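Student: Hey, I've got a new structure to look at and no idea where to start. Can you walk me through it?

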Amino acid sequence: MRFKALSLALSLGAGIAVVSVIFTGCATITSGPREEVSLRASNGDKVIVTIDNRKLRLPATIKLKRKGEMIYLYSKDNPNYQDSAINSQAIGRNEVMLPENLVALLDIFGVLAFILPGFTSLAVDQATGSAFKYANKQLVLPVYPKCVR
């Protein structure tokens, strides 16, 4: 009885390992869904922004989702500025990562040799955002001062 339980546990563990390897994309493994970028206000002032319900004082270096994240500037945190919101993709111009060397290109051909896992891993990379990168890692957040009368 113990042998059957151990055998079943090992089979299940091996099955989970195989499925996780097949259904994970290369970019998801090597790059991850976030990328470190520098973020500053367009006029160089120190402002407070909200990203994913976290407040952050600019200028700062932060890891943002490769698929893009909403960046909010609220007038309650910055009395001299208007409320504004922008997606990091709009100011970072995301692009699809392409192989930069022969090894990466051969890796893609190797993945595509197994058609189903290849297409599945490409879909996973797209869905998680790992297939993207910020073309410009120095993001400039447009800020709009309030009009004074």
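Tutor: Sure, and let's start with a term: a nonpolar core is a set of buried Ala, Val, Leu, Ile, Met, Phe, Trp, Tyr and Cys residues joined through side-chain atoms within 4.5 Å. Keep in mind that this is a predicted model.

Student: Okay, so which residues touch the most other members of the largest nonpolar core?

Tutor: Those are Leu39, Val49 and Leu141, in a core of 18 residues.

Student: And which strands each supply at least two residues of this core?

Tutor: Strands E1 (34-41), E2 (48-51), E4 (60-65), E5 (70-73) and E9 (138-141) do.

Student: Let's zoom in on Leu39. What does Leu39 touch?

Tutor: Leaving out residues up to four places away in sequence, Leu39 touches Ile51, Leu58, Pro59, Ala60, Ile71, Ile91, Leu139 and Leu141.

Student: Switching topic: how many salt bridges does a search of the whole structure find?

Tutor: The search turns up 3. In one of them, Glu69 pairs with Arg34, with the closest N and O atoms 3.2 Å apart. Glu69 sits in the loop between E4 and E5 while Arg34 is in strand E1, so this pair ties together parts that are 35 residues apart in sequence.

Student: Is Glu69 buried or exposed?

Tutor: Glu69 counts as buried, because its relative accessibility is 6%. Arg34 has 31%, so Arg34 counts as partly exposed.

Student: What about Lys137, where does that one pair up?

Tutor: Lys137 meets Glu35 in a salt bridge, at 2.8 Å from N to O. Lys137 lies in the loop between strand E8 (132-134) and E9, and Glu35 is in strand E1, so the pair ties together parts 102 residues apart in sequence.

Student: Why does Glu35 count as buried?

Tutor: Because the relative accessible area of Glu35 is 5%, and buried means under 20%. Its partner Lys137 is at 42%, so Lys137 counts as partly exposed.

Student: And the pair with Asp77?

Tutor: Asp77 forms a salt bridge with Lys55, where the closest N and O atoms are 2.7 Å apart. Asp77 is in the loop between E5 and E6, and Lys55 is in strand E3 (residues 54-57), which puts the two 22 residues apart. Lys55 is exposed, with a relative accessible area of 53%, whereas Asp77 is partly exposed at 22%.

Student: One last thing: where is Ser84, and what does Ser84 touch?

Tutor: Ser84 is found in strand E6 (residues 84-87). Not counting residues up to four places away in sequence, Ser84 touches Ile71, Tyr72, Leu73, Pro142 and Tyr144. Ser84 also counts as buried, because its relative accessibility is 18%.

Terms used: Residues numbered from 1 in each chain as written. Predicted model: local features only at pLDDT ≥ 70, side-chain atom pairs only at ≥ 80, totals over all residues. Heavy atoms only, no water. Buried < 20%, exposed > 50% of the residue type's maximum accessible area, 1.4 Å probe, protein only. Helix = DSSP H or I, 4+ residues; strand = E, 2+ residues; numbered from the N terminus. Contact = heavy atoms within 4.5 Å. Salt bridge = Lys/Arg side-chain N within 4 Å of Asp/Glu carboxyl O.
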